[in-house]
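Q: I'd like a close look at one part of this protein, the nonpolar patch on its surface. Could you walk me through that part and then show me how the rest of the chain is put together?

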Amino acid sequence: MSQEPDRSYDTEEKRRNKEERYRLAEEFRKRDEAREKFDREVVSRFLLRIPYYLELCVSAILLLSIIVALVSLLGDLAEFTLAGGNADDFQTFLGNMFTVVIGIEFLKMLCSYNVDSVIEVILFTVARQLVLNHTAAFELLLSVIAIAILFVVRKYLFVKRLDAHPVNEGENVVDIFRQRREGRKEKEARKGKSEDSVTN
């Protein structure tokens with residue numbers, strides 16, 4: 001009577017090999033997914049940073065132009081004084097001054113991403129039109145209504161919680177400088193505590 005060969009060892013080894021191959025394939029797949037996710041996050045973070053740095057460049061250029069405009073404003077003031085305070089010269093000087101103020105508000109808007117600064121820029125622009133341009137009564141009324149609506153929006157419809165969304169935190173110049181200042185204060189406090197513990 002012939003005895004059947006024991007093939008259970010072969011099938012057990014094949015099963016183990018198959019499980020090992022499946023486990024390795026699963027590890028490679030997970031590693032590829034993690035690498036792809038990391039690459040996507042890095043690229044998206046980089047692409048989001050590009051507009052931020054471009055806005056910083058625009059802000060720096062705007063700051064330089066405001067400084068130049070302020071220097072020329074001093075020259076306009078000297079000319080206005082030498083001319084004896086003519087009303088037309090004063091109107092021109094006032095228009096230039098309003099333009100510089102609007103530029104400063106626009107710079108604040110670029111540096112801090114909040115709705116309040118946008119409303120202030122619009123307010124100053126409408127106020128400049130209202131003060132400097134001699135328009136008809138109907139256009140004057142429309143300008144006053146526009147300013148009143150902006151004040152109502154700022155007072156009653158503007159929700160600061162929505163503006164200070166956690167996604168936007170740390171993404172503008174003001175937040176970056178605030179975080180650095182708080183970090184320096186924390187370091188100084190820790191340094192003071194360590195010095196106190198050493199002296200005691």
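A: Sure! Keep in mind that this is a predicted model. Let's begin with the whole chain: it has 6 helices and 0 strands, so reading from the N terminus you go α-α-α-α-α-α, following how helices and strands are assigned.

Now for your patch. V43, F46, L47, I50 and L54 together make a nonpolar surface patch of about 480 Å². Take I50 as our example: I50 sits in helix α1, which covers residues 8–82. Is I50 buried, exposed or something in between? I50 has a relative accessible area of 36%, and because buried means under 20% and exposed means over 50%, I50 counts as partly exposed.

Helix α1 has an inside story too. The largest nonpolar core has 8 residues: L62, I66, L73, F93, V100, L107, L110 and C111. Two elements, α1 and α2 (87–111), each give two or more residues to this core, and α2 provides the largest share, with 5 residues. Zoom in on L107 and you'll find that, leaving aside residues up to four places away in sequence, L107 touches S59, L62, L63 and I66. Apart from this core lies another one of 6 residues, including L123, V126, I147 and L150.

Stepping back, 19% of the chain's 200 residues count as buried. The chain's accessible surface comes to about 16100 Å², and carbon and sulfur atoms account for 63% of that. As for contacts with a separation of 6 or more, 66% involve residues 24 or more positions apart.

Note on methods
Residues are numbered from 1 along each chain as its sequence is written. This is a predicted model: local features need pLDDT of at least 70, side-chain atom pairs count only at pLDDT 80 or more; totals for chains, interfaces and linings use all residues. Side-chain values use heavy atoms; hydrogens and water are left out. Patches are made of residues with over 30% relative accessible area and no salt bridge: like charges are joined within 9 Å, nonpolar side chains (Val, Leu, Ile, Met, Phe, Trp, Tyr) within 5 Å. Accessible areas come from the Shrake-Rupley method with a 1.4 Å probe; for residues, only the protein chains shown count as cover. A salt bridge is a side-chain nitrogen of Lys or Arg within 4 Å of a carboxyl oxygen of Asp or Glu. Helices (H or I, at least four residues) and strands (E, at least two) are DSSP runs, numbered from the N terminus. Buried means under 20% relative accessible area, exposed over 50%, partly exposed in between (1.4 Å probe, protein chains only). Contact means heavy atoms within 4.5 Å. A nonpolar core is a set of buried Ala, Val, Leu, Ile, Met, Phe, Trp, Tyr and Cys residues joined through side-chain atoms within 4.5 Å.
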